[in-house]
Amino acid sequence: MNESRREFLRKSGGCALGMVTLATQMQHFGLMSALAQKTGKGGNSPQGGENYKALVLVFMSGGTDGNNMVVPNHNDATLSNYTAYANLRSNLAIAQGSLLPISVPRMGNLTYGLHPSLGPGTTNNGIHELWAQQRLAIVTNVGTLVRPTTKAQMTQSSHPKPYQLYSHSDQVAQYQTSISNTQAFTGWGGRVSDKLTASSNPNGLIPMVTSIAGSQLFTSGQATLPMAINDSNTSLANVLNPSGFTNSSNGGPARLTAFNDLRDIDLQSNFVAAASHVTELAMQANAALQSPGDTTVTFPNTSIGRQLRQVARLIKRRTELNVNRQIFYCQIGGFDTHTNQINNQANLLGQLGQAVRSFYDEISTQGAINDVTLFTLSDFSRTMNPAGAGTASVGSDHAWGNHMFVLGGAVAGGNFYGMNTATNGTPYPQLVLAGQDDADNGSNARGRWIPTTSVEQYAATLARWFGLAEADMASVFPNLPNFPTTDLGFMT
Amino acid sequence: MLSVGPRQTLRIYLALLVVCFLSLTAAGQLDDPDPNSPTPILVRAKNSKRVLAVPADTGARAEIVSPSRDAFAPGARIAVFVTGISLMDGEGANAFRVYAEDSRGRKYRFPVVDLYRIKSPSPTYALVFQLRDEIGYWDAPAAGDLLLRVSWRGMTSDRSRIGYGVTGGPIKDDQVPYSRLFTYSLNNGLPAKSKGLDEPAYAGYRWSGDRMRFLQQASFGATEPLDQRIRRIGIRTWLAEQFEAPYPSATNAFPDIPLKPSTAPADCDNNQTVPDVPVTCFRDTYTMYPLQAWFFREAYYGDAQLRHRVAWALGQIWVISGVDTQQSRHMIEWYKVLSNNAFGNYRTLMKEMTLNPGMGNYLDMVRSTRTNPNENYARELKQLFTIGLFMLNQDGTLQLDGNGQPIPTYDQEGVNNFTKVLTGWNFCNNGCPNSAPGVVNYIDPIIINAGRTTPGANQHDLTAKTLLAYPGSTTTNIAACTGTCDDSIASINTYATNSLEQTLDNIFYHPNVGPFVSKILIQHLVTSDPTPAYVGRVTAVFNDNGAGVRGDLKSVIRAILIDPEARGDVKTDPNFGKLREPVQLMTNVARTFNVTNAAGTGPSDGVFYSPTNNLMTTMAQTAFYAPTVFNYYSPDYVIPGTTLLGPEFALMTTGTAIARANFANTMVYNRINASGTNVPVGTAFQYGDMQALAAEDLTGGLLLDALNYKMLHGSMSTEMRNTILTAVTSLPTTSTLQRAQQAVYLVATSSQFQIQR
């Protein structure tokens with residue numbers, strides 16, 4: 001038992017009122033299992049690192065333009081082909097020859113193309129080649145939905161639609177909460193953790209959910225408060241390590257005692273209690289993060305590279321941290337390319353592809369690639385019709401349905417997944433402005449694809465693999481029953 | 001149960017009546033009336049810990065009768081009775097909140113629907129609420145007794161039982177009356193002869209807690225001199241002074257940086273292949289460094305504290321960010337718009353922001369044209385800066401439709417229409433006072449059809465636009481410009497300019513603006529989760545400052561700061577207050593301890609980082625680098641596990657919690673040392689006064705009294721004080737500086753101090 005845990009017990013036992021209020025707070029924040037462990041309950045639970053699984057979210061902040069991430073690279077006249085794409089995209093179109101080809105069984109083995117930045121880069125070969133290795137899947141035209149929605153239903157006021165389409169903050173919230181009909185306080189990562197923490201991580205030394213990108217709605221549950229730490233520029237031993245307490249010449253140990261004791265005082269204020277609780281979590285986690293060990297694969301020194309490297313360090317320590325299930329949140333920003341999209345998105349996707357490939361290789365080296373699944377989300381996709389003119393400054397505006405990447409050893413890769421559109425019987429939208437897949441109408445239509453697959457279907461498929469029980473699906477994903485299938489099939 | 005017939009004998013049983021009366025005999029100025037609101041008393045049944053409650057389902061007015069009912073069906077309308085309070089004109093149901101906790105420790109908030117005075121000897125009110133959680137964070141409460149309390153103006157009643165469905169269950173009564181849990185231990189202010197004070201006559205009792213609280217809300221840190229000044233002249237006079245105070249300080253003018261070409265020249269590109277001249281050229285021209293350092297210096301030493309604080313708050317509504325806007329010069333003009341209008345009119349702020357070149361760049365308005373419209377600014381102008389997404393009542397609560405759903409203020413079509421109005425504006429790179437060849441003019445307001453001379457070159461959308469329609473709206477559309485707009489670019493520009501004014505008026509007079517802006521400003525200055533009544537009182541001032549003027553921010557700020565929900569020596573409501581954002585934490589501690597340069601010989605340079613330790617970034621709030629237009633945190637952020645809005649808690653993570661402690665460690669035990677050219681003279685906090693108190697009183701008592709007064713406006717609990725004293729007295733009596741540091745570190749890192757309440 002480490003120092004802070006002993007301290008915790010001593011404090012709790014020392015003050016009846018403090019015990020009650022602290023227990024209350026602990027219950028609020030879902031630490032009852034941790035409390036039980038400290039008092040000797042829960043001894044028959046699984047050991048950490050056995051039957052391990054992790055979900056790693058990379059949120060592409062700002063709304064990445066999916067139209068240029070997954071591009072038709074064929075000339076089949078019966079489907080939207082490269083010519084249709086290039087005509088609509090105008091200055092935003094990626095040259096056909098530079099697309100990275102992928103063959104798609106779901107599309108009759110037609111060739112599509114990944115953005116050229118997803119291939120070899122300065123650190124590694126990128127993620128394109130994982131398609132052929134069937135470790136990379138694409139879920140097409142995913143978006144926020146309350147119910148399946150057709151073009152005709154877009155104009156029916158009685159048909160429930162996501163609130164505030166095309167607004168960053170609202171659409172980010174809906175991707176992170178999975179709930180599109182009303183504002184919600186909890187994220188689906190947090191809610192999955194609520195359901196699984198007691199059974200999967202009863203003795204976990206850190207929370208199930210970790211953000212390497214600050215506080216995020218995705219990571220908060222009713223009872224789950226996530227850990228949030230810096231990227232790999234800070235070692236795990238230092239990431240939550242308070243300074244100065246080891247200096248005995250100026251009263252450091254006594255200071256630490258008081259610092260810890262103060263967290264049990266004045267908790268009647270809900271604000272004070274909340275601040276104390278976060279600090280308490282940090283002190284507990286810090287004690288658990290002191291063991292050595294680092295990654296071996298080279299990661300690019302980008303923000304997303306450092307975030308994923310920090311995730312890999314934690315996964316490597318899964319046994320010491322006594323966790324069987326982990327959910328990670330990482331974020332790469334800058335995709336809100338109203339202008340200068342060609343260079344900016346290429347740069348960002350290059351960072352993404354390189355970092356994700358390093359992560360894939362590192363986890364493979366750790367022998368855990370079949371237990372770890374990385375997936376993407378974003379605010380929304382962007383208008384097919386460009387915004388602005390020129391070749392350097394051209395950009396695009398906020399849209400809707402987008403294409404998501406899923407990657408790992410448990411992924412049935414090398415294919416498209418998702419619901420078919422009514423227009424062409426495939427999961428890839430028909431690229432026609434004001435057409436049946438476009439939410440816009442008339443001559444000013446911009447090409448904002450109506451999603452055919454909901455965030456909840458996508459999330460539920462991942463959560464099922466992760467171990468969420470069928471009985472818990474509807475409470476974690478409240479609108480899921482509105483959709484015809486709850487498993488898109490991309491996880492083996 | 002309901003007494004609507006013959007009057008029954010009124011019987012009020014106050015099982016727990018705890019009202020603190022402050023002595024009114026102390027000598028002191030009377031400029032400010034007693035800021036303290038009384039503690040509401042929730043009437044209990046006789047000899048019981050159970051609230052006196054009666055059904056109120058019928059809509060008839062309840063009276064206090066016996067017997068009260070013990071348990072109520074979920075969803076029932078219930079009347080409870082509150083006494084001990086004194087209401088202002090117009091103060092009603094929305095000034096109250098009813099909170100409950102169940103046996104699982106989960107907390108709920110029940111919607112208050114009515115309040116009315118009942119016949120009784122002392123003023124007593126029936127408070128009607130519905131037994132239904134209105135937050136929705138948790139599932140319904142567990143059946144059994146709940147602990148119920150009522151809060152009003154930041155003061156809370158004690159908690160009493162009420163049966164939810166049934167009575168009983170495992171819940172425990174409070175062992176200490178709730179109203180006593182928040183002790184006010186600084187009975188007599190500082191001892192009169194304490195050495196830490198310059199003014200021998202200073203006694204500091206009367207309302208001193210409220211003065212220090214006020215200063216935490218109205219400045220970047222309460223200080224003794226300001227406390228003494230307000231003691232002499234009163235809060236209202238001080239506010240009047242602040243509204244007129246010169247800004248920025250004479251010794252801290254806005255950084256004077258010339259506009260530079262977008263591509264750095266070789267001698268100013270941070271690449272010493274060609275040496276930069278001066279060596280700091282890049283930093284001073286192309287980064288946010290000069291603005292950040294200026295900002296902190298003004299916060300430390302400026303006299304116009306309130307304007308600085310309000311401008312900082314407005315800058316977290318009208319966000320632009322160094323993430324995109326890389327030159328301080330591009331951002332300074334934006335900050336001038338904020339500070340110039342901090343006590344001006346919101347309508348003026350709206351126009352100056354719309355035409356601000358930094359904003360135009362950040363939200364793409366300068367790139368939005370007739371043929372390539374960009375909806376970014378049009379959307380955020382409404383969503384984030386003025387009216388928000390949903391129709392609001394005047395007290396800031398959501399209006400709901402027949403299905404209980406919020407009502408959108410606009411739809412995508414609305415965004416498209418506003419986008420059209422805002423097309424065609426661009427930087428004034430020719431013909432304005434600061435236009436110059438080869439640079440983008442980030443100083444003068446953007447103009448319509450910049451550089452365009454013929455109607456054919458027009459960039460403004462001339463088609464008809466539909467504006468917002470709302471109760472009371474006047475102009476709800478703009479006609480297409482036909483005829484005259486074919487004639488000349490001048491007539492097009494006139495049309496576009498008139499359209500802009502019409503559109504801004506259309507937004508400005510939307511009934512949402514008052515509650516939307518007022519609530520966010522309250523959250524920034526006073527408390528994260530204000531009662532609707534508080535929001536409503538400020539909104540009323542926003543709507544009409546008393547002289548028929550709408551949007552007068554000076555009156556709004558005054559209303560926020562002198563409101564009874566803001567004022568008082570101590571607030572007992574567990575949901576009152578706010579987390580200090582990192583910038584407030586840093587500046588508050590700095591000002592408390594006489595911030596100087598590293599050597600202690602003069603003022604700090606305002607640089608709040610060292611090359612190895614960026615204190616701002618590790619605490620997740622780098623000044624002028626909001627991650628997105630949604631600011632560092634959302635005003636709607638709810639603290640996980642609570643029913644409580646706490647915007648700044650979005651920045652409170654395991655990582656930043658430790659970073660806050662490490663900030664204190666750096667500034668208590670060390671300093672930001674001068675370092676090369678980037679940290680010219682450094683920053684240190686001075687603890688000499690505290691050391692003197694540690695030397696004077698070897699028990700540490702004076703030291704703790706001083707810190708209680710300076711940092712916690714006298715609200716430090718006895719338990720907290722004793723905990724810190726234990727750590728202080730573990731050090732030798734001769735180690736006076738270390739004793740002072742020990743105490744300062746522990747207060748500065750305490751959760752009690754992280755919260756401004």
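**Exercise 1. Find what share of the 757 residues of chain B count as buried.**

Solution. Start with the cut-off: a residue is buried if 20 or more other C-beta atoms, placed from the backbone, lie within 10 Å of its own. By this rule, 56% of the 757 residues of chain B are buried. The model is predicted: local features need pLDDT of at least 70 and side-chain atom pairs pLDDT 80 or more, while totals for chains, interfaces and linings use all residues. Residues are numbered from 1 along each chain as its sequence is written, and chains are lettered from A and ligands numbered from 1 in the order in which they are written.

**Exercise 2. Compare the radius of gyration of chain B with that of a compact globule.**

Solution. Take the radius over C-alpha atoms; the globule rule is 2.2 Å times the number of residues to the power 0.38. For 757 residues the rule gives a value near 27 Å, and chain B has 28 Å, so the two agree. Along the principal axes, the C-alpha atoms of chain B fill a box of roughly 85 × 75 × 45 Å.

**Exercise 3. Place strand 5 of chain B among its partners.**

Solution. Strands are DSSP runs of E, at least two residues long, and helices are runs of H or I, at least four, both numbered from the N terminus. Two strands pair if DSSP finds at least two bridges between them. Step one: strand 5 joins strand 9 (residues 144–152) of chain B through six bridges, antiparallel. Here B:R97 has B:S151 as its bridge partner. Step two: four bridges link strand 5 to strand 6 (residues 107–110) of chain B, again antiparallel. B:E101 stands opposite B:K107. Step three: the hairpin of strands 5 and 6 has five residues between the strands, and B:G105 takes a positive phi near 80 degrees. Step four: five of the six residues of strand 5 (residues 96–101) are buried, so the strand is largely enclosed by the rest of the structure.

**Exercise 4. Describe the side of chain A that touches chain B.**

Solution. Count a contact where C-beta atoms, placed from the backbone, lie within 7 Å. Chain A gives 59 residues and chain B gives 67. Helix 11 (270–288) of chain A is among the elements that give two or more residues to the side of chain A. Helix 11 supplies the largest share of that side, 11 residues. By type, the side of chain A divides into 28 nonpolar, 26 polar and five charged residues. Ala, Val, Leu, Ile, Met, Phe, Trp, Tyr, Cys and Pro count as nonpolar, Asp, Glu, Lys and Arg as charged, and the others, Gly among them, as polar.

Definitions and conventions: A residue is buried if 20 or more other C-beta atoms lie within 10 Å of its own, exposed if 12 or fewer, and partly exposed in between; C-beta atoms are placed from the backbone. Two residues are in contact if their C-beta atoms, placed from the backbone, lie within 7 Å.
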